[in-house]
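This report describes selected secondary-structure elements and their packing. The sequence and the structure are shown below.

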Amino acid sequence: MRANASCRWVHTHASIAALAVGGWWSSAGAQESITAESLTDEHVQKTIDAIVQELYTRKSPDRFWEPKTPPRGESIKQGGGYTALTVLALLYAGQSYQDSRLRDAVAYLEQLAMQGTYAVAVRANVWAMLPPKFNDLLIADTQWLIDGFSERAGGWTYQQQPNSRRRDNSITQYGALAWWEAAKRGARIERRYWQILEDRFLDMQQADGGWNYTGDGPATGSMTTAGLATLFITQDFLHADAAVELRSTSGSRNELAIARGLQWMQQNFSPTENPGRDQHFFYYLYGVERVGLASGYKYFGPHDWYRQAAAELLRRLCRWDPAKRMMTVHQKMGGKSRGAKVRVRHLAFGLLFLSRGRVPVAINKLHVPGMAWNNRPRDVANLSRWLTEKTETALNWQIVRIDTDPQDWLDAPVLYLASHERLPWLSGPEANAHHDVQEDRIEPLEKLKRYLDLGGLLFAVNEGPARAFAKSIEQAGKQMYPQYDWRTLPNDHWAYTILLPVGGKRPALRGLSNGVRELIIASRTDFSRRFQVRGAKDDSAYLTAGNIYFYASEMNRPRPRLARHFLSPSRFSRERVGVRVQTNNQQPTIRISIVRAQHQGNWKPEPQALPVFATFLAQQRQINVNIIDHLLSEIHQLTPRPTLVIVNGIDAHDFTAEQQTAIGAYVEAGGVILFETPGGRGDFTLSAEQTCTEIFRALAEPILPLLHSRIITGNDLPGAKRLSRLDYRPFALEVFAARETTPRLRGMLIDGQPRVLFSRQDISHGLLDQPCWDIAGYTTDSARNLLANIVQHAISLSGRY
């Protein structure tokens with residue numbers, strides 16, 4: 001087959017864009033390895049570090065990363081390509097072009113007169129990663145590609161052959177990617193070139209939605225990703241304006257082709273092989289990463305493409321030493337003595353996949369079947385690109401489906417939903433918030449509430465002039481949180497001021513808060529319309545959305561893609577009060593009950609905080625917790641007496657006589673009680689201190705810092721942590737105006753032991769392990785360990801230790 005045989009630079013063992021040959025591999029008898037389920041961000045980061053060092057080790061002082069023996073055939077014209085690919089991978093892995101190990105390779109690329117399309121295209125991507133002083137080199141390579149573009153073929157071949165009729169989807173993908181990066185940095189590419197590129201890929205799409213190499217044979221994974229990546233690029237340049245106006249048509253030819261291509265990926269994606277052509281695995285993964293990031297999809301079919309493919313990549317390239325917590329790069333595939341050699345191109349493509357895919361996700365776009373959730377398909381992509389430039393931090397975006405687990409939506413600090421239609425979960429335009437809701441439509445709303453309760457933030461944008469979507473969002477919010485009221489955000493709200501001042505006419509926003517943080521920010525201004533078109537400017541829409549991101553990410557502190565936090569064992573269910581929480585296989589040695597005290601104020605602003613903490617307690621301290629919601633005025637009547645009572649509130653509270661009686665009786669009977677202000681900004685704990693001073697005037701010493709208590713020292717508490725130094729969240733340090741590490745827990749001693757505890761600083765939100773600005777309290781580790789020590793102190797006083 002001449003077409004396949006000729007693609008030597010990318011598709012054979014002899015080339016750099018074989019830049020992809022996966023090599024011999026068999027999963028049979030594979031080494032003990034990391035699975036997709038057990039894969040963590042630590043594994044990925046250690047693999048990146050190991051590959052970086054291995055690439056530096058393989059660098060030749062005179063050839064850099066070029067092969068010792070020039071590849072045969074066409075690939076001989078791609079001189080410099082291996083080095084360009086490796087430099088690009090190292091830059092994406094965070095290496096500096098000024099590093100002494102990289103500087104000479106960059107200088108080599110600067111002076112090299114390249115002859116091959118692959119090599120020039122990859123080098124153009126290198127210049128796009130570097131400071132503006134390299135722009136002239138980027139423009140020169142861009143012009144080289146323009147001069148070599150064949151309008152007849154609608155793309156490129158191996159060298160500058162503008163009259164060629166040969167169609168090569170692999171080479172053309174690389175040229176398109178280079179042009180795209182150049183255009184994002186100001187290079188001018190005539191619109192007609194984008195149109196010719198698009199027409200070529202539209203014409204070459206197969207009946208099943210995929211693409212192949214030159215038009216002959218069945219579709220393959222690597223070439224389908226090439227086709228999709230190129231169509232996403234041309235969508236940006238040719239069709240963004242068309243999506244600005246809401247319409248009821250079925251979409252452009254480009255949209256339909258993308259939908260068919262994505263459907264092919266949904267049906268055929270594999271994390272372990274290149275579908276349709278079980279070769280070129282690493283090159284295929286590079287394409288998967290490009291399409292995954294361009295489309296925003298987290299899943300292809302049932303597969304989390306990054307998690308599962310990263311696990312396969314690690315298994316082929318590295319060995320994990322759990323004792324040393326270190327990765328070692330194999331010299332043979334899978335560490336097998338008879339495996340194919342691990343070559344530079346494998347490492348470079350693997351490094352590109354891991355580094356680019358690991359980038360934190362700034363915004364999740366919610367896919368809601370049954371409503372127009374994607375009227376502007378590039379809105380969040382362009383917003384994320386603007387955030388990347390504004391923060392000078394690489395940030396991605398992705399699409400998550402309403403039918404997946406809400407905890408998966410926490411990959412990003414912001415969940416975005418835009419539409420001109422009502423939420424399909426509500427039965428009618430004037431449906432009562434508590435009635436008339438069809439039973440089969442309740443679950444999505446419960447999922448959304450669970451996401452919000454776990455620490456998420458929803459940014460809801462009404463598209464178009466009608467208000468159906470905005471009204472349904474407010475109705476949904478009231479149904480989920482009948483105790484809270486929607487309000488119009490004032491001009492001094494953080495959405496307009498937190499970091500990026502929004503001047504002039506500010507977009508009108510509505511907010512729903514639990515008293516600790518905003519749960520939903522809703523806009524009747526059509527932000528999506530502004531975001532859809534490329535060429536973002538610092539206007540009020542972008543600045544306001546930027547502030548929402550900065551708030552939700554705790555001033556640009558998003559987590560890497562695979563970072564996880566403890567969650568309650570019921571991955572999605574109604575909150576169940578009074579049900580034991582146990583997540584580890586080890587049988588906890590102690591079972592206790594913790595009461596959340598109900599009162600007339602905001603007594604449970606963070607309903608998932610204790611369930612999440614209970615999981616931590618079971619896993620880390622072998623304590624199983626039964627969480628009970630009970631009236632504060634009746635806590636002294638509970639039998640058996642609960643180990644700990646937690647009383648939360650936001651604002652100053654006027655405790656009733658019955659509540660004061662119950663508090664006194666519970667503590668005098670041997671109980672331990674904690675008063676806390678979730679969020680750390682209200683006066684609830686201060687009012688509790690004043691009330692308890694009166695209740696225990698005859699029994700207790702004055703309220704004192706508990707710096708020498710065993711709650712802080714951990715003495716005589718099995719497995720407890722010493723907490724003489726605690727970490728506070730960034731906002732708290734701003735409030736303190738100092739880099740403080742001293743615990744601020746206070747308490748009253750009764751019979752020589754602290755039984756009445758007070759925290760004016762937030763603990764509850766810290767338990768969730770979600771970023772958010774405006775929280776004056778402890779970091780997650782400190783909050784969890786502090787409350788765990790309090791629990792163990794209470795257990796000890798009950799005679800259980």
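Which strands does helix 17 (residues 468–480) lie across? Helix 17 lies across strand 7, strand 8, strand 10 (509–513) and strand 11, and runs at about 150 degrees to strand 8. Axes here are lines fitted to C-alpha atoms, for helices over the stretch in contact, with angles from 0 to 180 degrees between N-to-C directions; contact means heavy atoms within 4.5 Å. Helices (H or I, at least four residues) and strands (E, at least two) are DSSP runs numbered from the N terminus.

The model is predicted: local features need pLDDT of at least 70 and side-chain atom pairs count only at pLDDT 80 or more, whereas totals for chains, interfaces and linings use all residues. Residues are numbered from 1 along each chain as its sequence is written, and side-chain values use heavy atoms, with hydrogens and water left out.

**The sheet around strand 8**

Seven strands form an open sheet in the order 6-5-7-8-11-10-9, with mixed pairing. Its edge strands, strand 6 (396–401) and strand 9, each pair on one side only. Two strands count as paired if DSSP finds at least two bridges between them. Strand 8 (residues 458–462) pairs in the parallel sense with strand 7 (residues 414–419) over five bridges, and in the parallel sense with strand 11 (residues 518–523) over four bridges. Residues that stand opposite one another are listed here.

| Residue of strand 8 | Partner residue |
|---|---|
| L458 | I520, strand 11 (residues 518–523) |
| F459 | Y416 |
| N462 | S419 |

Five of the five residues of strand 8 are buried (under 20% relative accessible area with a 1.4 Å probe, protein chains only; exposed is over 50%, partly exposed in between), so strand 8 is largely enclosed by the rest of the structure. In a regular strand the side chains alternate between the two faces of the sheet. Here L458, A460 and N462 point one way, while F459 and V461 point the other way.

**Helix 14 and H493**

Helix 14 (residues 344–358) has 15 residues and reaches 21 Å from its first C-alpha to its last, close to the 21 Å expected, a span defined as 1.5 Å times one less than the number of residues. Because 14 of its 15 residues are buried, helix 14 is largely enclosed by the rest of the structure.

H493 lies in the loop between strand 9 (487–488) and helix 18 (494–497). H493 is buried, with a relative accessible area of 9%. Leaving aside neighbours within four places in sequence, H493 is in contact with R487 and E518.
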